[in-house]
Amino acid sequence: MLNPYLFKMKPYPLRMLVDIHAFCNARCGMCPYPKYAKTQSQGHMTWDAYAKIIDEFSEMGRQYNFTPELSYCYMGEVFLANHVEKYVQHATDQNIKVYLNTNAHVMTPEKIDALLATGFNGDFYISSHTHNPKTYKRIMGLEYQQTLDNILYLLAHYDPSKVLIRGVDDRWEPGDKETWFDFWEPKGVKIEYLEPISRCGSVKRLLPSNLKTQIKEEKPVRLYGCQNNLPLYEMIVLYDGRAVMCCQDMGREHVFGNVITEGVATVWNGDNRVNTVKRLYNGSKNSASFLCSKCEYALTASELVTSVFSKAIGKLKPSASAVTCEV
């Protein structure tokens, strides 16, 4: 089957998630960070490396006539960085649209003020899993009141319509869902309620039964793309410059190269990345251990047909609201 989405591959990413550091203050039960933090290398990106990446990404926007989009820390908490506003300012000065993913627990009023003083007008995507302090602490390992105070301060000083509150229902208590909606809906924010996913099997208890069977029996799988098409337009860069498959690749299973030493364009257009993405989209047989074979967002042939009709061929247009990487 000829996959129409393959024609949407471009010689540049439309969006980047850059890890200016690799640390998170939360310990969410539906996230593999607590596990990987013990086994993966962690660190901070140097300013020179960050500036190099941003400068090249900005030049791509000028060369190909599009507005690049940027966010930070696909598996970490951006506000753990010192002077987030400095990173944001450097990107926005170069016509890059920045949005922020955060759990808001360390997004203090002082940090909010410093960020807004730069003229920042991008979106905030805030992961706040329930309005029940007990459930919240069980899921995220954080104190809810501190998070809530920070979010309410932001809403008092910023346009609520630019704030999205994301809730992942990982075994919420009875009534938590209704209370969560009832609290946030009157605030004028956007709301996104989600079921947890396994992050390509990284959180085994969340892996759907059909994928568990597939992996156990080592069944080869024919794949026809991604529900969100993230590998076609989004580049994930670790703190040390390595680029991985997508924001679901928290195990760093597919490393395409290093954008600090090789450059964004070279890694994006390299055979390593291009051939791996084609494995996902061209219907070839993949082993059950292949990253995308373990992902809930991967498409079968029938799901591809449905996706093509629902997205109206030729209108693949990413936006920050399509982000599925919550913190």
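1. Start with Tyr 64. In this predicted model, Tyr 64 has a relative accessibility of 33%, so it counts as partly exposed. That label fits because buried means under 20% and exposed means over 50%, with partly exposed in between. Its ring partner is Tyr 12: the two form a stacked aromatic pair, with 4.3 Å from centre to centre and 25 degrees between the planes. Have a look at where the two rings come from, too. Tyr 12 sits in the segment before β1 (15-18), while Tyr 64 belongs to helix α2, and the pair links these distant parts of the chain, 52 residues apart. Is Tyr 12 buried or exposed? Its relative accessibility is 9%, so Tyr 12 counts as buried.

2. More rings. How many aromatic pairs does the structure hold? There are 17. Another one to find on screen is Tyr 136 with Tyr 144, a tilted pair at 4.9 Å centre to centre and with 55 degrees between the planes. Both of these tyrosines are buried. You can also pick out an aromatic cluster made of Trp 47, Tyr 50, Tyr 72 and Tyr 87.

3. Charges over rings. Turn the model until you can see Phe 183 face on: Lys 187 lies over that face, 3.9 Å from the ring centre. Then do the same for Trp 268, where Arg 273 lies over the face of the ring at 3.4 Å from its centre.

4. The nonpolar core. In soluble globular proteins, nonpolar side chains tend to be buried together. Here the largest nonpolar core has 103 residues, and Tyr 50, Leu 70, Tyr 72 and Phe 124 are the ones with the most contacts inside it. Which helix gives the largest share of this core? It is α2, with six residues. Tyr 50 and Tyr 72 should ring a bell, as both are also in the aromatic cluster from point 2.

5. Leu 70 up close. Setting aside residues up to four places away in sequence, Leu 70 touches Met 16, Val 18, Tyr 50, Ile 54, Ala 91, Ile 96, Lys 97, Val 98 and Tyr 99. Try selecting Leu 70 together with that list, and you'll have one of the best-connected members of the core on display.

6. Ser 58 in α2. This serine is found in helix α2, which runs over residues 47-64. With a relative accessible area of 2%, Ser 58 is buried. What does it touch, once its neighbours within four places in sequence are left out? Ser 58 is in contact with Gln 94 and Ile 96. Ile 96 also turns up among the contacts of Leu 70.

7. Two residues with positive phi. Asn 65 has a phi near 60 degrees, which is a positive value in a residue other than glycine. Asn 65 is in the loop between α2 and β2 (69-72), and at 72% relative accessibility it counts as exposed. Arg 171 also has a positive phi near 60 degrees, and it isn't a glycine either. You'll find Arg 171 in the loop between β6 (163-168) and α7 (176-184). Its relative accessible area is 52%, so Arg 171 is exposed as well.

8. One face of α7. The buried residues of this helix are Asp 176, Trp 180 and Trp 184. Why do they line one face of the helix? Looking down the axis of α7, the buried residues fall within an arc of 50 degrees, so they end up on one face. Their cover includes α5 (133-140), α6 (144-157), β6 and β7 (190-194).

9. The sheet. Six strands make an open sheet in the order β3-β2-β1-β9-β10-β11, with mixed pairing. Which are the edge strands? They are β3 (97-98) and β11 (255-258), each of which pairs on one side only. Inside the sheet, β1 and β2 pair in the parallel sense over four bridges. Arg 15 stands opposite Glu 69 in β2.

10. Finish with Tyr 158. It sits in the loop between α6 and β6, and its relative accessible area of 11% makes it buried. Tyr 158 and Leu 116 are 42 residues apart in sequence, but their C-alpha atoms are 8.3 Å apart in space. Apart from residues up to four places away in sequence, Tyr 158 touches Leu 116, Phe 120, Asn 121, Gly 122, Phe 124 and Val 163.

How values were computed
Residues numbered from 1 in each chain as written. Predicted model: local features only at pLDDT ≥ 70, side-chain atom pairs only at ≥ 80, totals over all residues. Heavy atoms only, no water. Buried < 20%, exposed > 50% of the residue type's maximum accessible area, 1.4 Å probe, protein only. Contact = heavy atoms within 4.5 Å. Core = buried A, V, L, I, M, F, W, Y, C linked by side-chain atoms within 4.5 Å. Arc of directions from axis to C-beta. Phe/Tyr/Trp six-rings, centres within 6.5 Å; stacked < 30°, edge-to-face > 60°. Lys NZ or Arg CZ within 6 Å of the ring centre and 35° of its normal. Pairing = 2+ DSSP bridges.
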